[in-house]
Amino acid sequence: MTTKQTFVIVGASLAGAKAAQTLREEGFEGRVVLVGAETERPYERPPLSKGYLVGKEERDKIYVHDAGWYAENAVELLLGRRVTGIDRAGRQVELDDGRRLGYDRLLLAPGSSPRPLDVPGADLDGVHYLRTVGDSERLREAIRGGGRVVVAGAGWIGMETAAAARSYGCEVTVVGSQPAPLQSSLGPEMGAFFAEVHRGRGADVRLGRKVTGIAGDGRVRAVTTDDGVEIPADVVIVGAGVRPNTELAEQAGLAVDNGIVVDASLRTGDPDIYAAGDVANAFNPLYGTRIRVEHWANALNGGQAAARAMLGQEVVYDRPPYFFTDQYDVGMEFSGWFAPGGYDSVVTRGDLEAQAFYAFWLAGGRVVAGMHVNQWDDGIGPVQDLIRGGGRVDPARLADPSVPLADLAKG
Ligand SMILES: Cc1cc2nc3c(=O)[nH]c(=O)nc-3n(C[C@H](O)[C@H](O)[C@H](O)COP(=O)(O)OP(=O)(O)OC[C@H]3O[C@@H](n4cnc5c(N)ncnc54)[C@H](O)[C@@H]3O)c2cc1C
């Protein structure tokens, strides 16, 4: 590597900022340019639906780096700037102010965007989406005084914001289209556990129902569902999932299939272009398939892995996906992966009623994913060891809290 090289990173959020940090830590002395469409320096999003939304976490705690870090590490931070095109032949990106920026290596980390709710009335005042710190602040203003909140979508954003709204004393109704909340991530068994967590705290969780419209006159007044029921609402929170921001890659002729297609070193078909974070659909050798992960740890670790690969290091990104959530006093960590319905059974160990237990998803006798709820002594480490170990496990021993998980991981 010569000192004259320029590495450009598109997307100044967790994956992009961690990539920039890794480039410097690995000794890259060339130019690093981090371009971000938002005007905030890179920050982490998990607090936006949890501690920051409920007013327990300070704003200056959400940032990935201190404000001075970028100048100290000679990382050029271009904020409020969007990359509008990639000229692969000329090895340049085009910015929304018309400038062009040459690159030797390019990292695409533009993340994902909320899926819009496509029903009449979705543009009324009082309908909220949650992706940015500004969204979180507007939502906090809307729910902090109580009122009637309808959450459209029973995924992670929906369930976490439902918990936040309950903590402000709001009357909360969650409408989810599948038979269980969080079903596409956890399946129906553990999804049902989360439905009960919310019902136990006074939320009305309506499942197998779709939002068909939002009524109001300028401002939202009610939400209608596909059974003709009208639910009064002062605030509507849309949690309808996200879609990867693949437009740039598509325009540049890179392979896109549910995200930007990359190999296990996070490289696209163009040897000078990489992708990481929510946008990357990466081949994971642990599961033998491509997986796109929309979680914090994947942005953190993927950004670092992509940076090392950009420097020419041998990189195999084969971590089991990891996710955490906090809802009320229920803290959970999940690790692993399965395609929807792609497991044979769920084995639990511990006390579901007391909301302190492990759950394991088994396929072909092997643990493909696991989670713990409020088991902070051992945490998620033993689950990841079981997944990585890849051996068959005895379900009875897996369910038995007297058998250390570490023993099962040893086979
Ligand atoms: C409210 C909320 C709560 C969450 N909670 C959790 C949690 O509890 N646990 C968990 O594991 N995960 C959680 N996540 C998911 C996690 O935050 C994401 O997986 C992570 O932010 C992905 O990081 P990223 O860097 O890939 O992309 P993003 O964070 O989406 O950032 C991409 C950035 O790129 C910018 N950008 C896009 N296009 C361009 C362009 N053309 N030019 C310049 N800039 C561009 C965007 O404006 C954005 O700033 C949560 C997400 C949200 C929104």
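**Close-up views of the predicted model**

**Figure 1. Leu266, a buried loop residue in this predicted model.** Leu266 counts as buried because its relative accessibility is 2%, under the 20% limit used for that class. The residue sits in the loop that runs between strands β18 (260-262) and β19 (273-275). Its phi is near 65 degrees, a positive value in a residue other than glycine. Most residues other than glycine have a negative phi.

**Figure 2. Leu182, a second residue with positive phi.** Leu182 is not a glycine, yet its phi is positive, at about 55 degrees. The loop that holds Leu182 lies between strand β11 (171-176) and helix α5 (183-200). Leu182 has a relative accessible area of 4% and is therefore classed as buried.

**Figure 3. The shell of residues around the ligand.** The shell is made up of 17 nonpolar, eight polar and nine charged residues. Among the 34 residues around the ligand, those that come nearest are Ser13, Glu38, Arg45, Lys50 and Asp278. Five elements each supply at least two residues of the shell: α1 (14-25), β2 (31-36), α4 (156-167), α7 (296-310) and β22 (322-327). Domain 1 (6-112 + 243-310) and domain 2 (116-240) each contribute at least three residues to the shell.

**Figure 4. Polar atoms of the protein beside the ligand.** In the side chain of Lys50, an N or O atom is 2.4 Å from an oxygen atom of the ligand. Arg131 places a polar side-chain atom 2.7 Å from a ligand oxygen atom. At Val83 the backbone takes part: one of its N or O atoms lies 2.9 Å from a nitrogen atom of the ligand. On its own the ligand has 1,000 Å² of accessible area, and the protein covers 94% of this.

**Figure 5. Ser112 and its side-chain contact with Asp278.** Ser112 is found in strand β8, which spans residues 112-114. The relative accessibility of Ser112 is 6%, so this serine counts as buried. The side chains of Ser112 and Asp278 are joined by a polar contact of 2.7 Å. Asp278 is also one of the residues that come nearest to the ligand.

**Figure 6. Glu57 and Pro47 in the model.** Glu57 belongs to the loop between strand β2 and helix α2 (69-72). With a relative accessible area of 28%, Glu57 is partly exposed. Ten residues separate Glu57 from Pro47 in sequence, and their C-alpha atoms are 7.4 Å apart in space.

**Figure 7. Two domain spans listed by UniProt.** The unreviewed UniProt entry lists residues 7-302 as "domain: FAD/NAD(P)-binding". That span is 23% helix and 30% strand, with 16 Å between its end C-alpha atoms. Residues 322-408 are listed in the unreviewed entry as "domain: Reductase C-terminal". Over residues 322-408, helix accounts for 21% and strand for 41%, and the end C-alpha atoms are 20 Å apart.

Definitions and conventions
Residues numbered from 1 in each chain as written. Predicted model: local features only at pLDDT ≥ 70, side-chain atom pairs only at ≥ 80, totals over all residues. Heavy atoms only, no water. UniProt positions renumbered as here; feature names shortened; annotations may be inferred. Helix = DSSP H or I, 4+ residues; strand = E, 2+ residues; numbered from the N terminus. Near = heavy atom within 4 Å. Polar contact = N/O pair within 3.5 Å; in protein donor to acceptor, adjacent residues only side chain to side chain. Areas by Shrake-Rupley, 256 points an atom, 1.4 Å probe, with all protein chains shown as cover. Nonpolar A, V, L, I, M, F, W, Y, C, P; charged D, E, K, R; others polar. Domains from an automatic or database assignment. Buried < 20%, exposed > 50% of the residue type's maximum accessible area, 1.4 Å probe, protein only.
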